[in-house]
Amino acid sequence: MAEAHQAVAFQFTVTPDGIDLRLSHQALSEIYLSGVRSWKKRIIRVKNRVISGVYPASPSSWLFVVIAILATMYTRSDPSMGLIAKIQEHLPVSQISTQCQAVVSAVVFSTMLWLLLIFTMRLCLKQLLSYHRWMFEQHGKMSTTTKIWVALVRIFSGRKPLLYSYQGSLPNLPVPAVKDTVKRYLESVRPLVDDAEYERTNKLAAEFESSLGKRLQWYLKLKALWASNYVSDWWEEYVYLRGRSPIMVNSNYYGMDFQYVTPTPIQAARAGNTIHAFFLYRRKLNKEEIKPWLLRSAVPCCSYQFERMFDTCRIPGALTDTVQHWEDSDYIVVYHKGRYFRLRVYQAGRILSPREIEFQIQRILDNSTPPSKGEAKLGALTAGERIAWAKARQEYFSSGVNKRSLDCIEKAAFFVVLDDDERGMMADNSPEGLDRYAKSLLHGNCYDRWFDKSFTVVYYKNGKSGINAEHSWADAPVVAHVWEFVLAADSFQLGYNEEGHCKGEVDLLLPPPQKLSWEICSECEEQISRSLAVAQALADDVDFHVFSFREFGKGKIKKCRVSPDAFVQMALQLAYFRDRGTFCLTYEASMTRLFREGRTETVRSCSSESSAFVRALEGGEAADVCRRLFHGASEKHQQLYRMAMTGAGIDRHLFCLYVVSKYLGVDSPFLKEVLSEPWRLSTSQTPVQQAELFDLVNYPEFISCGGGFGPVADDGYGVSYMFLAENLINFHISCKHSCSDTDAHVFGSKIRAAMHDLLHLLDPVYKEPNKERSKAEVKKDK
C-alpha cells in the first residue's frame, strides 16, 4: 500500500550479501520539514510567552530603561541612590575592568528596575480591572469616575496585546459573603414557593448561615487565596468530568451553518474550505494573533479556555473522566459510512490548500472499502454511559492495533463526519427541516460522531455543515468564536470557483487518507450494542423545535428602551406561565470571564418582579400598571445579570460550599436542598462576537442559525436564542417526549405570542402581522 511506504523513513532487508538499505527521500524530507515546523512553533511560543510575561510593557522597553540609566551615569548622577555601587561590590566577576563592572551593574539594576515597573503596572492594571461600577451605570450615561477609569485602563493596557497578554493582570474571582449569597438565594426562591415552604427554607438558611456556613466559608477563602479561581477547577471536575451519564444530549451542544445560504452544494468542497479555515485559525491561535475579547472596547476577558480548543479529547474513567491535550497534530480523523480515516493536513511543512483537502475528502467519499467487523458503530461507546465506556476502553483498547487507532482519533486536531443525509432549511421551507437539522447535530445516529473530541465538524451531502462540541473544556462562546471565523473565511476569503469546487491546484501525488484498522471482538461488539441502545433511547426522547422570529428584533426592542436580553427573558417567563400555569426555577448562563479562569455563573431570571409582572398581565391589569411592572422586572433582571458577571452570583458560591462540605464529611440540609432543585427552564443567549467578519449590509443572507443544547430537566425546556442583525431572533427549544407536560412546538408558539404581546404593551401602536398559524398551534387548538 502506498500509504504504508510513506509511513517509514527507510526500509531494510537482510540478504546473504549483508544488509540492503533503501532510503525513502520523500519520507526523510517530510520528517525534516515536520521538525522545522515544530521548532518554528516552539520559537513562536517562547517569544509569545516572553511578550505576554512582560505585558503591559514590551521587551524593547528594557533597552530604553538600560540606555536611560547608562545615560544618567555618564552625566555623573546616580539614579540608583547607591544600589549600582552595592551591586558592583557583590559581582562574582573580578577579572574585568572597573568600568565594565559598572556597566554590568547598571544593566543588572536597570533590569531589576524594569521588572519592578512591570510588576507595578500589572498590579495597577489588576486593581483597575477590579472596578466594576461601570457595568451598573445607565447605558449611555458614563460617570466622570468611569471615564477616568477607562482612560487609565487604556494607559496601563499597553499596545497590541496578544491573546493571553492580559492573563496575569486579570483579578481573581471574589468569594461573596455567606450572608449576601443566602439573602439573594431567598429572594430568588420567594416567587416559587408558598408562605409555609418559604418560612421553612428561611429557617434552614438562617441555621446554615449562623453555623456550618462560616466554617465552610473559611476553607473556601483559603482556596481563593491559593488558586487562580476558586470555582473553575471544581466546576469542570464535578459538574462535567464526574458525570457518569451520557454526555451526548446531556452535556454536548451544537452550532449550525448559515441559515439561508449554502456556499457550495458539493460536500467535499465545503469540507475542503472549512477544514483549511480551521487550521488557519489554529495557526493564529498558536501565534496568539487572535485579539483578546474586550467589553466596551476596554475591559479584557479571560482567554484561558482557548488553550485546549484543538488536539484535545475527553478520556473516560471509572470514577471521573480527564481532559487530555496534546501538541499540535498534523492530521484529522474522518468518519464516513462506518469507516475511520486518518487524513494528513500538512504536506512538506505547509497546510494543504482547500482544493487539495477537497481532493482528499473526495477520495474518502469514493472509497468503497467496507468497515471492518464492529467498526461501523464503534462511536456509540462515546455516546453511552461513561463507566461502560471506561471499562471497554481499558479491556479492549489498551493495546495492539485498537490502541493505535484509538490514539489516532483522540490525538487528532479534531473529528470530521461526512454525513450521507441532507440537512438544513429545505426548499419547501418546512419548519421540520431545521428541527431535524438540530437533532442531527446534537446526536446524529448516536454512533457517527465522536462525542469525546473537543469538537466534531459534520458535513452533509448537500453542502451544509455544523459543529458538535464537548462541554468540559470550554463554554459555547469559545467554540462560537472559531465557528464564526470558519464561516466567514469559507465564504468571504477562500470562496469557490464557478463549478462550486475549491480554488487552487491539486498535487495528485498526495498519499491517500489511511483507513484505521480495528480488531473488535464479539464481547466488545455486545458492549457497543448496549451503549448504542442507551444512547438511542436518549436521542429518541429528545423533542426539538428551531424557528426564526422575523417580526422584529433587537432594533425594535432597543427603541422601547429595554435590554433585548431582558425582553426575551420576560417573554420566556410569560410563555412558561401560560404553558404550565406556574413559575419555575430559571437558569440563564452568564459569563465570569472578567476574572482569571472565569467560566459561567447562573442568572436566576425568575424573580419576584418578573412574576408580579406576569400575574398582572395575565390578570388583566391596566396597561400602565403592566408597563411599570415590566420595566421594574427588566431592570431587576439586568441587575441580576451584572451581579453574576461581577462575581456576586448565587449558585457557584453555594456549589463550592457544598463541595467543601463533602470534603469535610458534613451534611447540610440547606445546601443539599439547593443543589437538588431542578432547572425546568434552562436558557442561554448565543452572542455574535465577530460581527466585523460579516458584511450584513451587502450580504444580509449570510447569518447563522445559532446553536442549542438538550433539556436539563426531564420535565423542563432548554432554550437557546441568538439576536441576528436588527430584525431576526433565532430560537432553539428542546424538551423530552417522555414528559406529557412539555412540547417544544407548543412552547415555541407561546414564545411567539409572548414576544408580540410584550411589544404591543410597550408600543401600543404595534400590531402583530398576519401570519399563517403553525401546525403545532392548529394541533393544540384541536
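Just after helix H22, glycine 665 takes a positive phi of about 75°. This comes from a predicted model, and H22 is a handy place to start reading it. The end C-alpha atoms of H22 are 20 Å apart, which agrees with the 20 Å that its 14 residues should span at 1.5 Å a residue. Of those 14 residues, 10 are buried, so H22 is largely enclosed by the rest of the structure. The buried set runs through Asp651, Arg652, His653, Leu654, Phe655, Cys656 and Leu657, then picks up again with Val659, Val660 and Ser661.

Part of that surrounding comes from helix H10 (residues 232–241), whose axis comes within 11 Å of the axis of H22 (residues 651–664), the two crossing at roughly 75°. H10 and H22 are therefore roughly perpendicular to each other. On the H10 side, the residues that meet H22 are Trp234, Trp235, Tyr238 and Val239; on the H22 side they are Arg652, Phe655, Cys656, Val659, Val660 and Tyr663. Sorted by type, the residues of this contact come out as nine nonpolar, one charged and no polar.

H22 also meets a residue from helix H9 (residues 212–226), namely leucine 216. With a relative accessibility of 0%, leucine 216 counts as buried, because the cut-off is under 20%. Leaving aside residues up to four places away in sequence, leucine 216 touches Leu657, Val660, Ser661 and Leu664, along with Phe208 and Leu671. The link to valine 660 spans 444 residues of sequence, yet the two C-alpha atoms lie 6.2 Å apart.

Now for the strands. Six of them form an open sheet with mixed pairing, in the order E16-E22-E21-E19-E17-E18. Strands E16 (542–549) and E18 (600–604) stand at the edges with a single partner strand each, so one side of each is left without a neighbour in the sheet. From one strand to the next, the twist averages 20°.

Strand E17 (residues 586–591) pairs with E19 (residues 681–685) in the parallel sense over three bridges, while five bridges join E17 to E18 in an antiparallel run. Glutamate 588 has a partner in each of these strands: threonine 683 stands opposite in E19, and valine 603 is the bridge partner in E18. Helix H21 (residues 623–645) packs on the sheet, where it touches E17 and E18, and its direction makes about 50° with that of E17.

Edge strand or not, E18 is mostly covered, with five of its five residues buried. In a regular strand the side chains alternate between the two faces of the sheet. E18 shows this pattern in its own residues: Thr600, Thr602 and Arg604 point one way, Glu601 and Val603 point the other way, and all are buried.

Back towards the start of the chain sits helix H3 (residues 59–74). Its 16 residues should span 22 Å at 1.5 Å a residue, and the end C-alpha atoms are 24 Å apart, which agrees. Ser61, Val65, Val66, Ile69 and Leu70 are buried in H3. An α-helix has 3.6 residues a turn, so residues three or four places apart point the same way. The buried residues of H3 pack against helices H4 (83–89) and H5 (98–129). H3 is followed by arginine 76, which has a positive phi near 60°.

Definitions and conventions:
Residues numbered from 1 in each chain as written. Predicted model: local features only at pLDDT ≥ 70, side-chain atom pairs only at ≥ 80, totals over all residues. Heavy atoms only, no water. Axes fitted to C-alpha atoms, helices over the stretch in contact; angles between N-to-C directions. Helix = DSSP H or I, 4+ residues; strand = E, 2+ residues; numbered from the N terminus. Parallel < 35°, antiparallel > 145°, perpendicular 65-115°, else oblique. Contact = heavy atoms within 4.5 Å. Nonpolar A, V, L, I, M, F, W, Y, C, P; charged D, E, K, R; others polar. Pairing = 2+ DSSP bridges. Buried < 20%, exposed > 50% of the residue type's maximum accessible area, 1.4 Å probe, protein only. Expected span 1.5 Å × (residues − 1).
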